[in-house]
Amino acid sequence: MSDPLSRGEFFQVSAAAGAAGAAAPSTFAATGGGTAQLKIRWYGGGVYELATPDDKNIVLVDAWIWSNTGFTAFKIDKPAEFASAAAYAAHVKSRGPSAFVVALTHDHGDHMGDYFDLLRALVDAGVDVKTVGQSDLMRVGLLPRFKAANLDNTVLVLNNGAGINMGGSATYKDLRFRLVPAVHSTASGFPAAGFIIDIGGVRVYASGDTDLYGDMGLIGSRYAPDLAVICTGNGAFTMGPDDAASAVQLLGAGHAVPVHYAHNPLVVGPQCGDLFRAAVSRIAPRTTVTLLRPGEPTTLRVATAAR
């Protein structure tokens with residue numbers, strides 16, 4: 001009798017089997033691309049911003065900002081622009097984006113705690129803001145809260161209020177979003193999700209909150225993400241650093257950034273980033289890891305596939 005497979009080996013085998021069984025080669029997995037710059041700013045926890053170097057296209061993944069507790073463990077003061085809805089809206093408006101999209105992965109408080117106050121403040125400030133998320137969450141689950149905030153979901157939510165479902169897509173100006181599964185729960189019972197985001201020539205896998213699962217290999221072969229921004233905090237809620245490194249290997253991403261740690265006592269603290277980088281060096285040694293500090297803008301130089 002052979003030795004049982006380890007957890008990581010099991011997911012590698014299942015991903016390979018899934019890829020081998022695909023009906024046709026992916027049109028997204030081309031090679032021979034170049035490099036592109038992408039700005040990223042971690043807001044703490046699982047919340048972060050992606051932006052083109054000129055700030056014309058900005059994506060905020062989840063919306064927990066002035067209530068965010070992800071700065072304390074790093075002994076960093078929260079930036080003034082994160083102090084309130086009005087301060088944040090003024091900050092965004094001063095940057096002059098042509099498109100600002102909030103991509104909502106799910107409805108837990110540490111991901112959407114400031115969502116409606118944020119949308120209201122951005123609309124009132126005259127920012128061209130849109131939002132996107134899982135379709136039933138957007139058009140059914142959150143509809144009463146859109147109405148309570150006096151926000152028209154058919155105007156704000158992409159696809160005329162429908163959002164997107166697994167396998168679906170939405171575009172807004174130069175931004176494209178596709179929804180992928182996340183193995184996680186939600187408060188309202190609608191599916192948790194991650195995103196494939198095309199911004200500034202970079203394809204980003206935004207994991208949301210999830211565990212490791214074998215079909216991450218299929219996401220990799222189907223979409224060929226250049227950058228994975230991935231939850232790593234373990235504890236009570238998501239996969240930890242080692243499993244997140246296995247996820248990066250399955251995805252085939254050449255660059256990875258860990259998030260969703262050090263924001264509450266039930267997840268791994270600030271050391272999680274170093275643990276993830278060490279795990280990637282063992283499991284996916286060709287992947288570049290960039291560690292962030294909450295609030296500090298960073299410009300990444302990302303190798304991109306030709307598409």
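Let's start inside the protein: C272 is buried, with a relative accessibility of 0%. Here, buried means under 20% relative accessible area, exposed means over 50%, and partly exposed is in between, using a 1.4 Å probe and protein chains only. The model is predicted, so local features need pLDDT of at least 70 and side-chain atom pairs count only at pLDDT 80 or more, while totals for chains, interfaces and linings use all residues. Residues are numbered from 1 along each chain as its sequence is written, and side-chain values use heavy atoms, with hydrogens and water left out.

## Two cysteines, no bond

A disulfide is a covalent bond between the sulfur atoms of two cysteines. In this model the term is used for a pair of cysteine sulfur atoms within 2.5 Å, and the structure holds 0 of them. Why is C231 not bonded to C272? Because the two sulfurs are 9.5 Å apart, too far for a bond, even though C272 has the closest cysteine sulfur to C231. C231 is also buried, at 1% relative accessibility.

## The nonpolar cores

A nonpolar core is a set of buried Ala, Val, Leu, Ile, Met, Phe, Trp, Tyr and Cys residues joined through side-chain atoms within 4.5 Å. The largest one has 74 residues, and the members that touch the most others are Y88, F100, Y115, F177 and I197. Helix α4 (residues 115-124) gives this core its largest share, 6 residues. Helices (H or I, at least four residues) and strands (E, at least two) are DSSP runs, numbered from the N terminus.

Which residues does Y115 touch, apart from those up to four places away in sequence? They are A63, V102, L104, T131, M138, L142 and F146. A second, separate core holds 25 residues, including I219, A228, A245 and A284.

Strand β4 (residues 99-103) is mostly covered, with 5 of its 5 residues buried. Both of its faces are covered: A99, V101 and A103 lie on one side, and F100 and V102 on the other. Strand β3 (residues 57-61) pairs with β4 in the parallel sense over 5 bridges, and L60 has V102 as its bridge partner in β4.

## An open sheet

Strands of a sheet pair through backbone hydrogen bonds, either parallel or antiparallel. Two strands count as paired if DSSP finds at least two bridges between them. One open sheet has 7 strands in the order β6-β7-β8-β9-β10-β11-β12, with mixed pairing. Its edge strands, β6 and β12 (288-289), each pair on one side only.

At one edge, 4 bridges join β6 to β7 in an antiparallel arrangement, with T171 opposite R176 in β7. β6 has a covered face, made of A170 and Y172, and an uncovered face, made of S169 and T171. At the other edge, β11 (residues 255-259) and β12 run parallel and are joined by 2 bridges; H255 stands opposite T288 in β12.

Strand β7 also contains R178, which is buried at 4% relative accessibility. The side chains of R178 and D198 are joined by a polar contact of 2.9 Å. A polar contact is a pair of N or O atoms within 3.5 Å; within protein, one must be able to donate a hydrogen and the other to accept it, and residues adjacent in sequence count only if both atoms are side-chain atoms.

## Positive phi values

Two residues have a positive phi although neither is a glycine. K173 sits in the turn of the hairpin formed by β6 and β7, which has 2 residues between its strands.

| Residue | Phi | Location | Relative accessible area |
|---|---|---|---|
| N160 | about 55° | loop between α7 (153-156) and β6 (169-172) | 71%, exposed |
| K173 | near 55° | loop between β6 and β7 (175-181) | 49%, partly exposed |

## A helix across the sheet

Helix α9 lies across β9 (202-206), β10 (227-231) and β11, running at about 150° to β10. Axes are lines fitted to C-alpha atoms, for helices over the stretch in contact, and angles run from 0 to 180 degrees between N-to-C directions.

D242 is found in α9 (residues 241-251). Is D242 buried or partly exposed? D242 is partly exposed, with a relative accessible area of 42%. Leaving aside its neighbours within four places in sequence, D242 is in contact (heavy atoms within 4.5 Å) with A279, R282 and I283. The C-alpha atoms of D242 and V280 are separated by 7.7 Å, although these residues are 38 apart along the chain.
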